[in-house]
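Visitor: Could you take me on a close look at the surroundings of the ligand? I'd like to hear what touches it and which parts of the chain supply those residues.

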Amino acid sequence: MDYLLNETQKMVVDLTRKIAREKITPAVAAHYDETEEFPWDIMKILADAGLFGVYIPEQYGGLGGGIFELCLVTEELSRACGGISICYAATALGAYPILMSGSEEQKKKYMPDIAAGKKLAAFGLTEPNAGSDAGGIQTTARKEGDHYVINGTKQWITNGGEAEVYTIVAMTDRTKGARGATVFILDKGMPGFEFGKKEKKMGIRASATRELIFNDCKVSADRVLGKEGMGFIIAMRNFDGSRPGVGAQALGIAQGALDDAIAYARQRIQFGKPIISFQAIQHMLADMATQVEAARALIYATARMIDAGVKDIAKESCMSKLFPSDTAMKVTTDAVQIFGGYGYMREYPVEKRMRDAKITQIYEGTNQIQRNVIALQLIKQSAKGQKD
Amino acid sequence: MNIIVCIKQVPDTAAIQLVRINPQTNTLVREGIPAIINPFDENAIEEGLRLREKYGGEVTVLSMGPPQVEKALKDAIAMGADKAVLLCDRAFAGADTLATSYTLACAIKKMGNYDLLLFGKQAIDGDTAQVGPGVAEHLGIPQVTFVRKIEIENQTIRAERTLEDSFELVEAKLPILVTVTKEMNTPRYPSLKGMMKAKAAQITVWGLQDIDADPNRVGLTGSTTQVIKIFTPEMRKKGEILRGEPDQMAEALVGKLRDSKVL
Ligand SMILES: Cc1cc2nc3c(=O)[nH]c(=O)nc-3n(C[C@H](O)[C@H](O)[C@H](O)COP(=O)(O)OP(=O)(O)OC[C@H]3O[C@@H](n4cnc5c(N)ncnc54)[C@H](O)[C@@H]3O)c2cc1C
């Protein structure tokens, strides 16, 4: 398949692939999966290569690409390890709100270090009692004179504790409902901002998932992102931009599992021949490959659409996460099946890919929520008399 | 600190199964084989970049070869080198290590103003380890070979030379030529910005006249050695290791020597 990448995009893919092949070997991926250490050494390599800046405009030290370039890097890294890739991609989730809604000053202050990979970022919305129902967040930011005082706890924040920059959503005025939330930019180490426990997870174990705890954390008003009350709008626009990235993570994991399955099926002998000679295996591989390409086409098309500046993208953005993540779950499960009992063993790489794939159906909105949003858009568009 | 790193483009060992020898010319058939920067030369480039980061100055990469060697020089620029020069002329073709080191030395003389010349300890295709030392001789400057660590202070270099089972600490004045081993460092990946710069970069190309070289001392004409034959050696049969108590092993050995009629 020719994906009609331009010269720069090809360069991005080639460089990421080279680094992923040489530095994120199966042994390295297994190491981080076992130890749950944060892969700082790999982050350093990605930083030096300039990969953290692919989606950031040149005036802030980036390469000047967009969501598409971010997806290409995420896909290639995920092909090697779905956990390491998300340490990279979650920084974009934390930084994108600044890029989209930040003032010139805020962008100048934060983006160059993020583009250079000197600082990782994280995005904090979820709380113990507010997952799919983000409107239920209880973290508050109380205005006192010229500053705010933040109290509350964020849960399951990717890159929590490792990142230097945090964009978090807190309620500034509960009486205003959905218009009562605000996004703040926080720095690691601010007084009143601590980290809670690090989670032990099923998959993506190289990534750090932690609590953020705010205890009378005093922040100046210049840390408000956009305007007070825009919190949920910024969060939703952030997800619209970031879902193709989760799709790309799922896609890379699925592609990696497919690569593994083909190689294994050619070499595993049963009944005197390689198992790939059995049509049952061939058809599984054919379906897996077709689904992977379909997922890729959807992600690439959506990412290109977003980068071209199309406004109404909620539906496509949801689809570009929904389909690839369901595909990744199916393809990785089938890859384990093709490996048979060996696939179930931790010595082989595919069970990890299956564990890594599962999260892509859950975070940045569960796939049920994606379907809700897609359906809502269908209804809205139909009511408006649109046909597409 | 002005540093010149000499690099060679070699066939990618990862594609070694594709490498063929032309029995007529006794040379490698390079068509269709991916080419890379000689891995030891990557260490030399990396060291040049690190020294530049520490002491300032410029890193220039230099190579002799056909036009496609531009790719290797661009890769060096993508890693961070400032400039690149390619010595490319029909007259240079077929050079042995003597002619090659003479040609490189002529180019380096022409560049002038250098503090340090860096080479990989050897090329993975020819494996001679002669070109670096040859250049130092042609230029009449000191050399330290097989170096794993460099420190520079007050125009003086301290270099650790790797020996069989020890190392030698050598001190010398700049300018000097150093050949480096793999242990020296881990070469960096190119950066995206470097790759963009490399894409736009103009590689300076010099021919025979540009470097004031004696036509009788370059290329095939200037070569004093000639490859008579290149062949793939027959695979040696795997040896057998005898195990057990000494007297059992001795007995087994005698048995085997009898079987093969040596005894
Ligand atoms: C490893 C990991 C990393 C994460 N990283 C981050 C991060 O960096 N930042 C951040 O803010 N959050 C993060 N999250 C949180 C993640 O986005 C939430 O887990 C997710 O939104 C789902 O919320 P929940 O887990 O509370 O599930 P719930 O909302 O409790 O959902 C439980 C089930 O009910 C279903 N459900 C809920 N509501 C509906 C509905 N209306 N219709 C149909 N079905 C419904 C869901 O689909 C799901 O199957 C992370 C989570 C994990 C596990």
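**Around the ligand**

Guide: Let's start with the backbone: an N or O atom of A:Trp156's main chain sits 2.8 Å from a ligand nitrogen. This is a polar contact, meaning a pair of N or O atoms within 3.5 Å. The protein buries 65% of the 970 Å² that the ligand exposes when taken alone, with areas from the Shrake-Rupley method and a 1.4 Å probe. This is a predicted model, where local features need pLDDT of at least 70 and side-chain atom pairs count only at pLDDT 80 or more, while totals for chains, interfaces and linings use all residues. Side-chain values use heavy atoms, without hydrogens and water.

Two further contacts join the picture. A:Thr126 places a polar side-chain atom 2.6 Å from a nitrogen of the ligand, and a polar backbone atom of A:Leu125 is 2.9 Å from a ligand oxygen.

Stepping back, 19 residues surround the ligand, and among those that come nearest are A:Thr126, A:Ser132 and A:Gln368; a residue is near if one of its heavy atoms lies within 4 Å. The shell divides into eight nonpolar, nine polar and two charged residues, where Asp, Glu, Lys and Arg count as charged, Ala, Val, Leu, Ile, Met, Phe, Trp, Tyr, Cys and Pro as nonpolar, and the others, Gly among them, as polar.

Where do they come from in chain A? β1 (121-124), β3 (147-158) and α12 (367-383) each supply at least two shell residues; helices (H or I, at least four residues) and strands (E, at least two) are DSSP runs numbered from the N terminus. By domain, at least three come from each of domain 2 (122-229) and domain 3 (232-381), with bounds from an automatic or database assignment.

Technical notes. Residues numbered from 1 in each chain as written. Chains lettered and ligands numbered in written order. Polar contact = N/O pair within 3.5 Å; in protein donor to acceptor, adjacent residues only side chain to side chain.
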